[in-house]
Amino acid sequence: MEDRQRSGLGWGVFLWKNSNFNGKIYKKVLNGRCCLMKEEVFQIHRYSVGYKIDKQLLLSLKDIFEQYSEKSVLEIRVGCNNNASYVFDNVDECFEFFDKKPYRIIKMEISVMFGTEYNSNQIKLSFDNGDNPLTELRFQFDNGDDYLLLKNKIELCLNNFKLSYRILSRLPIMPMLLTIVFISICVYTGIKNIIFPRTIQWMITGIWIVGSFIIVVFPVFTRIKRNLFPCIEFKIGQNALIEEKNASKRNFIVGTVVIGTVLGIVGNYISDFIF
(Lines give C-alpha, C1' and ligand atoms only; values in the text may rest on other atoms or scores of the structure.)
Protein backbone atom coordinates (compact mmCIF):
# COMPACT_ATOMS: atom_id res chain seq x y z
CA MET A 1 0.00 0.00 0.00
CA GLU A 2 2.77 2.47 0.91
CA ASP A 3 4.70 1.66 -2.30
CA ARG A 4 1.57 2.20 -4.41
CA GLN A 5 0.85 5.50 -2.66
CA ARG A 6 4.35 6.78 -3.32
CA SER A 7 4.35 5.69 -6.94
CA GLY A 8 0.78 6.80 -7.62
CA LEU A 9 -0.33 9.81 -5.61
CA GLY A 10 3.21 10.69 -4.67
CA TRP A 11 4.18 11.40 -8.30
CA GLY A 12 0.87 11.73 -10.09
CA VAL A 13 -1.91 14.28 -10.18
CA PHE A 14 -5.56 13.58 -9.40
CA LEU A 15 -8.08 16.09 -10.75
CA TRP A 16 -11.66 16.35 -9.59
CA LYS A 17 -14.09 18.77 -11.24
CA ASN A 18 -17.53 20.00 -10.15
CA SER A 19 -19.45 22.28 -12.55
CA ASN A 20 -22.91 22.59 -11.00
CA PHE A 21 -22.94 26.36 -11.52
CA ASN A 22 -20.99 26.40 -14.80
CA GLY A 23 -18.05 27.42 -12.67
CA LYS A 24 -15.26 25.05 -11.68
CA ILE A 25 -13.92 23.76 -8.41
CA TYR A 26 -10.63 21.90 -8.72
CA LYS A 27 -8.93 19.71 -6.14
CA LYS A 28 -5.39 18.80 -7.02
CA VAL A 29 -3.42 16.28 -5.03
CA LEU A 30 0.29 16.62 -5.61
CA ASN A 31 2.97 14.96 -3.49
CA GLY A 32 0.35 14.03 -0.91
CA ARG A 33 -0.96 17.61 -0.52
CA CYS A 34 -4.54 18.68 -1.38
CA CYS A 35 -5.03 22.19 -2.82
CA LEU A 36 -8.45 23.79 -3.41
CA MET A 37 -8.37 26.09 -6.42
CA LYS A 38 -10.65 29.04 -7.18
CA GLU A 39 -14.30 28.58 -8.10
CA GLU A 40 -15.53 30.73 -11.00
CA VAL A 41 -19.06 31.47 -12.22
CA PHE A 42 -19.66 33.12 -15.60
CA GLN A 43 -23.34 33.28 -16.49
CA ILE A 44 -25.45 35.24 -18.99
CA HIS A 45 -29.23 35.32 -18.61
CA ARG A 46 -31.58 36.84 -21.19
CA TYR A 47 -35.18 37.67 -20.40
CA SER A 48 -38.28 38.47 -22.41
CA VAL A 49 -38.45 42.23 -22.76
CA GLY A 50 -41.12 44.40 -21.18
CA TYR A 51 -39.79 46.28 -18.14
CA LYS A 52 -40.32 49.75 -16.72
CA ILE A 53 -37.11 51.46 -15.63
CA ASP A 54 -37.74 54.13 -13.04
CA LYS A 55 -36.12 55.47 -9.89
CA GLN A 56 -37.78 52.88 -7.67
CA LEU A 57 -36.25 50.03 -9.68
CA LEU A 58 -32.76 51.54 -9.58
CA LEU A 59 -32.97 52.17 -5.84
CA SER A 60 -34.22 48.62 -5.27
CA LEU A 61 -31.29 47.19 -7.23
CA LYS A 62 -28.89 49.43 -5.32
CA ASP A 63 -30.26 48.12 -2.01
CA ILE A 64 -29.76 44.54 -3.19
CA PHE A 65 -26.14 45.26 -4.08
CA GLU A 66 -25.39 47.08 -0.82
CA GLN A 67 -26.99 44.33 1.26
CA TYR A 68 -24.60 41.86 -0.33
CA SER A 69 -21.51 44.05 0.12
CA GLU A 70 -20.88 47.54 1.47
CA LYS A 71 -17.90 47.75 -0.90
CA SER A 72 -20.12 47.71 -3.99
CA VAL A 73 -19.15 50.23 -6.68
CA LEU A 74 -22.09 51.23 -8.91
CA GLU A 75 -21.91 52.54 -12.48
CA ILE A 76 -24.89 53.56 -14.65
CA ARG A 77 -24.18 54.00 -18.37
CA VAL A 78 -26.98 55.54 -20.44
CA GLY A 79 -27.09 55.65 -24.25
CA CYS A 80 -29.30 58.28 -25.89
CA ASN A 81 -30.66 59.17 -29.33
CA ASN A 82 -27.94 61.82 -29.81
CA ASN A 83 -25.38 59.00 -30.23
CA ALA A 84 -23.79 59.88 -26.89
CA SER A 85 -23.39 57.89 -23.69
CA TYR A 86 -23.45 59.28 -20.16
CA VAL A 87 -21.90 57.58 -17.15
CA PHE A 88 -23.06 58.09 -13.56
CA ASP A 89 -22.01 56.58 -10.25
CA ASN A 90 -25.12 57.70 -8.41
CA VAL A 91 -28.85 57.19 -9.01
CA ASP A 92 -29.81 60.73 -7.96
CA GLU A 93 -27.16 62.22 -10.25
CA CYS A 94 -28.61 60.30 -13.19
CA PHE A 95 -32.14 61.55 -12.56
CA GLU A 96 -31.02 65.14 -11.99
CA PHE A 97 -29.20 65.12 -15.32
CA PHE A 98 -32.18 63.87 -17.33
CA ASP A 99 -34.55 66.25 -15.55
CA LYS A 100 -32.69 68.99 -17.41
CA LYS A 101 -31.88 67.22 -20.70
CA PRO A 102 -34.55 66.14 -23.22
CA TYR A 103 -32.45 63.31 -24.68
CA ARG A 104 -34.39 60.14 -25.48
CA ILE A 105 -32.90 57.17 -23.61
CA ILE A 106 -32.31 54.14 -25.85
CA LYS A 107 -30.38 51.81 -23.56
CA MET A 108 -28.99 51.54 -20.05
CA GLU A 109 -26.31 49.38 -18.44
CA ILE A 110 -26.15 49.00 -14.67
CA SER A 111 -22.79 47.61 -13.56
CA VAL A 112 -21.62 46.87 -10.05
CA MET A 113 -18.30 45.58 -8.70
CA PHE A 114 -18.06 44.19 -5.19
CA GLY A 115 -14.52 45.34 -4.54
CA THR A 116 -11.73 47.30 -6.16
CA GLU A 117 -9.69 44.44 -7.63
CA TYR A 118 -10.00 43.70 -11.34
CA ASN A 119 -11.24 40.16 -10.62
CA SER A 120 -13.82 41.14 -7.99
CA ASN A 121 -17.33 39.76 -8.19
CA GLN A 122 -19.35 41.80 -10.64
CA ILE A 123 -22.80 42.07 -12.24
CA LYS A 124 -23.95 43.85 -15.39
CA LEU A 125 -27.64 44.41 -16.12
CA SER A 126 -28.49 45.69 -19.63
CA PHE A 127 -31.74 47.20 -20.92
CA ASP A 128 -31.91 48.02 -24.65
CA ASN A 129 -34.92 49.51 -26.46
CA GLY A 130 -33.14 49.85 -29.82
CA ASP A 131 -33.65 47.97 -33.05
CA ASN A 132 -32.70 44.73 -31.28
CA PRO A 133 -34.37 45.04 -27.85
CA LEU A 134 -32.64 43.21 -25.06
CA THR A 135 -32.80 42.54 -21.33
CA GLU A 136 -29.65 40.78 -20.17
CA LEU A 137 -28.04 39.90 -16.84
CA ARG A 138 -24.33 38.94 -16.62
CA PHE A 139 -22.53 37.48 -13.62
CA GLN A 140 -18.85 37.01 -12.88
CA PHE A 141 -18.54 35.46 -9.41
CA ASP A 142 -16.20 33.30 -7.39
CA ASN A 143 -18.98 31.65 -5.37
CA GLY A 144 -21.92 29.70 -6.74
CA ASP A 145 -24.13 30.20 -3.67
CA ASP A 146 -23.72 33.98 -3.77
CA TYR A 147 -24.42 33.96 -7.51
CA LEU A 148 -27.73 32.10 -7.04
CA LEU A 149 -28.73 34.33 -4.12
CA LEU A 150 -28.26 37.56 -6.08
CA LYS A 151 -29.75 36.13 -9.27
CA ASN A 152 -32.97 35.20 -7.47
CA LYS A 153 -33.17 38.58 -5.73
CA ILE A 154 -32.68 40.52 -8.96
CA GLU A 155 -35.23 38.42 -10.85
CA LEU A 156 -37.82 38.91 -8.09
CA CYS A 157 -37.16 42.63 -8.22
CA LEU A 158 -37.57 42.79 -12.02
CA ASN A 159 -40.87 40.89 -11.84
CA ASN A 160 -42.36 43.84 -9.96
CA PHE A 161 -41.60 46.18 -12.86
CA LYS A 162 -43.02 44.27 -15.82
CA LEU A 163 -45.06 46.26 -18.34
CA SER A 164 -48.75 45.45 -18.64
CA TYR A 165 -48.58 45.61 -22.46
CA ARG A 166 -45.33 43.65 -22.82
CA ILE A 167 -46.96 41.10 -25.15
CA LEU A 168 -47.88 43.87 -27.60
CA SER A 169 -44.26 45.07 -27.53
CA ARG A 170 -43.18 41.87 -29.31
CA LEU A 171 -46.05 41.69 -31.80
CA PRO A 172 -46.00 43.44 -35.23
CA ILE A 173 -48.71 45.94 -34.31
CA MET A 174 -48.90 47.87 -37.61
CA PRO A 175 -49.34 44.81 -39.87
CA MET A 176 -51.86 43.48 -37.38
CA LEU A 177 -53.88 46.71 -37.58
CA LEU A 178 -53.87 46.55 -41.36
CA THR A 179 -54.97 42.92 -41.20
CA ILE A 180 -57.80 43.78 -38.79
CA VAL A 181 -59.00 46.54 -41.13
CA PHE A 182 -58.81 44.18 -44.12
CA ILE A 183 -60.76 41.44 -42.30
CA SER A 184 -63.29 44.00 -41.07
CA ILE A 185 -63.97 45.13 -44.65
CA CYS A 186 -64.37 41.53 -45.79
CA VAL A 187 -66.73 40.62 -42.92
CA TYR A 188 -68.79 43.80 -43.25
CA THR A 189 -69.24 43.48 -47.00
CA GLY A 190 -70.16 39.82 -46.56
CA ILE A 191 -72.81 40.62 -43.94
CA LYS A 192 -74.28 43.49 -45.97
CA ASN A 193 -74.04 41.53 -49.24
CA ILE A 194 -71.91 44.28 -50.75
CA ILE A 195 -70.00 43.17 -53.84
CA PHE A 196 -67.16 45.40 -54.98
CA PRO A 197 -65.95 45.35 -58.57
CA ARG A 198 -62.98 43.06 -59.09
CA THR A 199 -60.65 46.06 -59.56
CA ILE A 200 -61.61 47.44 -56.13
CA GLN A 201 -61.12 44.01 -54.57
CA TRP A 202 -57.60 43.77 -55.98
CA MET A 203 -56.83 47.32 -54.80
CA ILE A 204 -57.91 46.54 -51.24
CA THR A 205 -55.87 43.32 -51.21
CA GLY A 206 -52.85 45.11 -52.76
CA ILE A 207 -52.97 47.91 -50.18
CA TRP A 208 -52.99 45.33 -47.39
CA ILE A 209 -50.05 43.31 -48.80
CA VAL A 210 -47.89 46.28 -49.83
CA GLY A 211 -48.68 48.22 -46.66
CA SER A 212 -47.70 45.28 -44.45
CA PHE A 213 -44.44 44.83 -46.42
CA ILE A 214 -43.52 48.53 -46.19
CA ILE A 215 -44.21 48.68 -42.46
CA VAL A 216 -42.05 45.62 -41.78
CA VAL A 217 -39.14 46.61 -44.04
CA PHE A 218 -38.71 50.35 -43.45
CA PRO A 219 -37.12 51.22 -40.08
CA VAL A 220 -39.10 54.44 -39.58
CA PHE A 221 -42.25 52.42 -38.92
CA THR A 222 -40.30 50.16 -36.55
CA ARG A 223 -39.20 53.23 -34.58
CA ILE A 224 -42.77 54.55 -34.43
CA LYS A 225 -43.95 51.22 -33.09
CA ARG A 226 -41.03 51.06 -30.65
CA ASN A 227 -42.03 54.48 -29.27
CA LEU A 228 -45.71 53.60 -28.91
CA PHE A 229 -45.09 50.08 -27.59
CA PRO A 230 -41.57 50.18 -26.12
CA CYS A 231 -39.94 46.94 -25.09
CA ILE A 232 -38.18 48.89 -22.33
CA GLU A 233 -39.92 51.93 -20.85
CA PHE A 234 -37.48 54.48 -19.40
CA LYS A 235 -39.39 56.71 -16.98
CA ILE A 236 -36.40 58.86 -16.10
CA GLY A 237 -36.41 62.66 -16.10
CA GLN A 238 -38.05 64.17 -19.18
CA ASN A 239 -38.34 60.70 -20.68
CA ALA A 240 -41.21 60.13 -18.24
CA LEU A 241 -43.17 62.96 -19.93
CA ILE A 242 -42.55 61.37 -23.34
CA GLU A 243 -43.75 58.00 -22.06
CA GLU A 244 -46.94 59.58 -20.70
CA LYS A 245 -47.72 61.08 -24.13
CA ASN A 246 -47.04 57.74 -25.79
CA ALA A 247 -49.28 56.05 -23.22
CA SER A 248 -52.25 58.24 -24.23
CA LYS A 249 -51.66 57.39 -27.91
CA ARG A 250 -51.29 53.71 -27.04
CA ASN A 251 -54.55 53.69 -25.08
CA PHE A 252 -56.33 55.36 -28.00
CA ILE A 253 -55.02 52.77 -30.49
CA VAL A 254 -55.79 49.76 -28.33
CA GLY A 255 -58.98 50.99 -26.70
CA THR A 256 -60.64 53.01 -29.43
CA VAL A 257 -59.44 51.65 -32.76
CA VAL A 258 -58.93 47.93 -32.14
CA ILE A 259 -61.55 47.22 -29.49
CA GLY A 260 -64.03 49.65 -31.08
CA THR A 261 -63.67 47.97 -34.48
CA VAL A 262 -64.09 44.48 -33.06
CA LEU A 263 -67.14 45.48 -31.01
CA GLY A 264 -68.64 47.21 -34.04
CA ILE A 265 -68.29 44.08 -36.19
CA VAL A 266 -69.67 41.82 -33.47
CA GLY A 267 -72.55 44.23 -32.84
CA ASN A 268 -73.52 44.36 -36.52
CA TYR A 269 -73.37 40.58 -36.77
CA ILE A 270 -75.55 40.08 -33.68
CA SER A 271 -78.10 42.69 -34.79
CA ASP A 272 -78.42 41.10 -38.24
CA PHE A 273 -78.78 37.67 -36.65
CA ILE A 274 -81.51 38.81 -34.25
CA PHE A 275 -83.48 41.06 -36.55
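**Notes on the sheet and its helices**

1. Arginine 77 stands opposite glutamate 109 in β8. Strand β6, residues 72-80, pairs with β8 in the antiparallel sense, over nine bridges. For the record, strands pair here if DSSP finds at least two bridges between them, while strands (E, at least two residues) and helices (H or I, at least four) are DSSP runs numbered from the N terminus.

2. Before you read on, this is a predicted model: local features need pLDDT of at least 70 and side-chain atom pairs pLDDT 80 or more, though totals for chains, interfaces and linings use all residues. Residues are numbered from 1 along each chain as its sequence is written, and side-chain values use heavy atoms, leaving out hydrogens and water.

3. On the whole chain: it has nine helices and 11 strands. Of its 275 residues, 33% count as buried (under 20% relative accessible area; exposed is over 50%, partly exposed in between; 1.4 Å probe, protein chains only). Looking at contacts (heavy atoms within 4.5 Å) with a separation of 6 or more, 59% come from residues 24 or more positions apart.

4. Now the sheet. It is open and has six strands, in the order β4-β10-β9-β8-β6-β7, with antiparallel pairing. At the edges sit β4 (41-46) and β7 (85-88), each of which pairs on one side only. From one strand to the next, the twist averages 10°.

5. Helix α4, residues 144-159, packs on this sheet and touches β4, β8 (105-114), β9 (122-128) and β10. The direction of α4 makes about 160° with that of β10. Such angles run from 0 to 180 degrees between N-to-C directions, and axes are lines fitted to C-alpha atoms, for helices over the stretch in contact.

6. β9 deserves a look, since five of its seven residues are buried, so it is largely enclosed by the rest of the structure. β9 runs antiparallel to β8, joined to it by seven bridges. Serine 111 has lysine 124 in β9 as its bridge partner, and methionine 108 stands opposite phenylalanine 127 in β9.

7. On the β10 side, β9 again makes seven bridges in the antiparallel sense. The two strands, β9 and β10, form a hairpin, with five residues between them. If you want an anchor for the register, glutamine 122 has glutamine 140 in β10 as its bridge partner.

8. β10 (residues 134-141) also pairs with the edge strand β4, antiparallel, over six bridges. Here valine 41 stands opposite phenylalanine 141 in β10.

9. Is threonine 135, in strand β10, buried or exposed? Threonine 135 is buried, at a relative accessible area of 1%. Beyond its neighbours within four places in sequence, threonine 135 is in contact with His45, Arg46, Tyr47, Val49, Tyr51, Ser126, Phe127 and Ile232.

10. Set isoleucine 44, in strand β4, beside that. Isoleucine 44 is partly exposed, with a relative accessible area of 40%. Leaving out neighbours within four places in sequence, isoleucine 44 is in contact with Glu136, Leu137 and Arg138. Its C-alpha atom is separated by 6.5 Å from that of phenylalanine 139, which lies 95 residues away along the chain.

11. Next, helix pairs. The axes of α2 and α4 come within 10 Å and cross at roughly 160°, and α2 and α4 are therefore roughly antiparallel to each other (over 145 degrees; under 35 is roughly parallel, 65 to 115 roughly perpendicular, the rest oblique). From α2 the contact draws on Leu57, Ser60, Leu61, Ile64, Phe65, Gln67 and Tyr68; from α4, on Asp146, Leu150, Lys153, Ile154, Cys157 and Leu158. By class, that contact has nine nonpolar, two polar and two charged residues (nonpolar: Ala, Val, Leu, Ile, Met, Phe, Trp, Tyr, Cys, Pro; charged: Asp, Glu, Lys, Arg; polar: the others, Gly among them).

12. Helix α2 (residues 55-68) also packs with helix α3 (residues 91-100), at an angle of about 160° and with the axes 10 Å apart. That makes α2 roughly antiparallel to α3. In α2, Lys55, Leu58, Leu59 and Lys62 meet Val91, Asp92 and Phe95 in α3. What is the class make-up of the contact of α2 with α3? Four residues are nonpolar, none polar and three charged.
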